[in-house]
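Subject: A structure for you to look through

Hello,

I am passing on the structure we talked about, and I would be glad if you kept it open beside this message while you read. Please turn it on the screen as you go, and find each residue for yourself before you move on.

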Amino acid sequence: MAGKLIAPPPKKTRSGPRAGASPSTDTPAETRGPGPGPGRGQMFVTRFAPSPTGPLHLGHAYSALLAHDMARAAGGRFLLRMEDTDLERCRPEYDTLIQEDLHWLGLSWDGPVHRQSAHIAGYNARLETLEPLGLLYPCSCTRSDIRAALAAPQEGVAHQVYPGTCRGRPMASRLPGDALRLDLAAALIALSGADLAFLETGPAHAGRHLVDPDEAKTQIGDVVLSRKGEDIVAYFLASAFDDADQGITHVIRGEDLFDFTPVQVILQHLFGLPTPIYHHHRLIRDDQGKRLAKRDDARAIAKYRAEGATPADFRRMVGLPNP
Ligand SMILES: [Zn+2]
């Protein structure tokens with residue numbers, strides 16, 4: 001069952017509700033049923049969560065429009081979250097530009113923008129509650145490897161399963177600059193008996209999916225959760241906390257993240273957080289069939305705007321109905 005193994009809650013950080021608690025900040029108090037997905041009669045709440053490391057491009061705009069349309073159709077809420085914990089790569093001007101592009105597309109969001117950079121201390125405090133359970137270890141493997149592991153996974157870049165070089169190192173040996181990894185095998189033992197599953201409603205994998213512990217060990221491995229001294233928190237971890245804190249009932253995101261959903265589910269159970277429903281959508285590709293990379297400014301929404309395209313043209317281009 002979810003919450004069987006629950007790390008002790010941190011001392012009053014801003015965030016930190018456990019399963020069943022009311023989401024903090026801007027979401028109305030709602031109750032959640034057990035198991036995957038929101039409880040009966042619960043309001044639909046979703047989010048768009050870009051990283052302000054470049055301009056909004058076609059693929060991400062599709063994701064935002066789809067999430068927005070689904071929320072509005074369900075009479076629910078659409079929230080905006082900036083995944084800006086990598087302070088070296090994220091820029092305030094992209095944060096502003098992304099919001100301008102979303103407004104231009106006709107999107108509005110409920111409540112203030114949630115910026116992950118404002119919550120890093122809370123994420124780390126919650127992460128460290130796993131330490132007394134023996135589920136974390138420090139890792140000093142190369143900085144670039146670890147840095148790459150902290151970012152959202154990219155399609156076409158094989159996820160490197162960590163060979164476990166530093167596993168078994170005591171937490172007391174942690175040095176400045178070391179990353180913290182999850183001992184996945186230990187975590188799965190701690191979660192034995194838990195209902196590790198999620199409900200998927202996207203076109204490619206609709207149905208209920210069980211997390212296979214052996215597959216998780218061979219395909220995911222000991223993921224990096226944070227890096228000390230650089231205030232960087234792994235994408236997976238920050239998403240798990242934020243989805244719970246913001247009362248997200250439906251995660252709508254690109255198909256490229258489907259294979260990483262088991263990591264989210266494992267983290268949700270470790271921290272006693274609910275598992276939302278997942279909806280992985282198709283990826284918008286360019287004429288050559290290549291996924292539109294974030295740094296491909298040629299497909300930036302700002303460029304379409306400058307060329308005189310209208311939001312209606314844009315919706316047609318990505319195959320979404322006009323409201
Ligand atoms: Zn290591």
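What follows is an account of what was found, starting with the whole protein and then taking its parts in turn.

Please keep in mind from the start that this is a predicted model. The protein averages a pLDDT of 83, and 78% of the residues score at least 70. Over residues 1-37, however, the pLDDT is below 50, although this stretch still has 83 contacts in the model beyond near neighbours in sequence. Where pLDDT is low, the predicted coordinates should not be read in detail.

The protein has ten helices and eleven strands, and buried residues make up 40% of its 323 residues. If you take the contacts between residues at least 6 apart in sequence, 83% of them join residues at least 24 apart.

You will find two open sheets worth tracing by eye. One of them is formed by three strands in the order β1-β2-β3, with parallel pairing. In this sheet β1 (45-48) and β3 (114-115) stand at the edges with a single partner strand each, so one side of each is left without a neighbour in the sheet. Strand β2, which covers residues 77-82, pairs with β3 in the parallel sense over two bridges, and the bridge partner of Met82 in β3 is Arg115.

The other sheet has four strands in the order β4-β5-β8-β9, and here the pairing is antiparallel. Its edge strands are β4 (136-139) and β9, each of which pairs on one side only. Between strand β5 (residues 179-182) and strand β8 (residues 224-227), which run antiparallel, there are three bridges, and Ala179 stands opposite Arg227 in β8. On the way to the edge, β8 pairs with strand β9 (residues 232-233) over two bridges, also in the antiparallel sense, and Ser226 has Val233 in β9 as its bridge partner.

Helix α3 (residues 120-127) is a good place to go next, with Gly122, Tyr123, Arg126 and Leu127 as its buried residues. Seen down the axis of α3, these buried residues fall within an arc of 135°, so they line one face of the helix. They pack against β5, β8 and β9, as well as against α7 (235-245). Leu237 touches Tyr123 and Leu127, and also Leu225, Ser226 and Leu267, when residues up to four places away in sequence are not counted.

Leu237 also appears in the largest nonpolar core, which has 65 residues and in which Ala234, Leu237 and Ile266 have the most contacts. The largest share of this core, eight residues, comes from α1.

Helix α2 (residues 92-104) deserves a slower look. With 13 residues, α2 reaches 18 Å from its first C-alpha to its last, which is close to the 18 Å expected at 1.5 Å a residue. Which residues of α2 are buried? They are Ile98, Asp101 and Leu102, and, seen down the axis of α2, they fall within an arc of 100°, so they line one face of the helix. An α-helix has 3.6 residues a turn, so residues three or four places apart point the same way. What covers the buried residues of α2 includes α1 (58-73) and α9 (301-306), whereas the face turned away from the buried side carries the exposed residues Pro92, Glu93, Thr96 and His103. After α2 comes Gly106, whose phi is positive, near 95°.

One residue of helix α2 that you might examine on its own is Tyr94. Is Tyr94 buried, exposed or partly exposed? Tyr94 counts as partly exposed because it has 19 C-beta neighbours inside 10 Å, and a residue is called buried when there are 20 or more. Tyr94 touches Pro52, Thr53, Gly54 and Pro55, not counting residues up to four places away in sequence. Although Tyr94 and Pro55 are 39 residues apart in sequence, they are 5.8 Å apart in space, C-alpha to C-alpha.

With best wishes

Technical notes
Residues are numbered from 1 along each chain as its sequence is written. This is a predicted model: local features need pLDDT of at least 70, side-chain atom pairs count only at pLDDT 80 or more; totals for chains, interfaces and linings use all residues. The expected span of a helix is 1.5 Å times one less than its number of residues. A residue is buried if 20 or more other C-beta atoms lie within 10 Å of its own, exposed if 12 or fewer, and partly exposed in between; C-beta atoms are placed from the backbone. The arc is that of the directions from the helix axis to the C-beta atoms. Two residues are in contact if their C-beta atoms, placed from the backbone, lie within 7 Å. Two strands pair if DSSP finds at least two bridges between them. A nonpolar core is a set of buried Ala, Val, Leu, Ile, Met, Phe, Trp, Tyr and Cys residues joined through C-beta atoms within 7 Å. pLDDT is the predictor's confidence in each residue, from 0 to 100.
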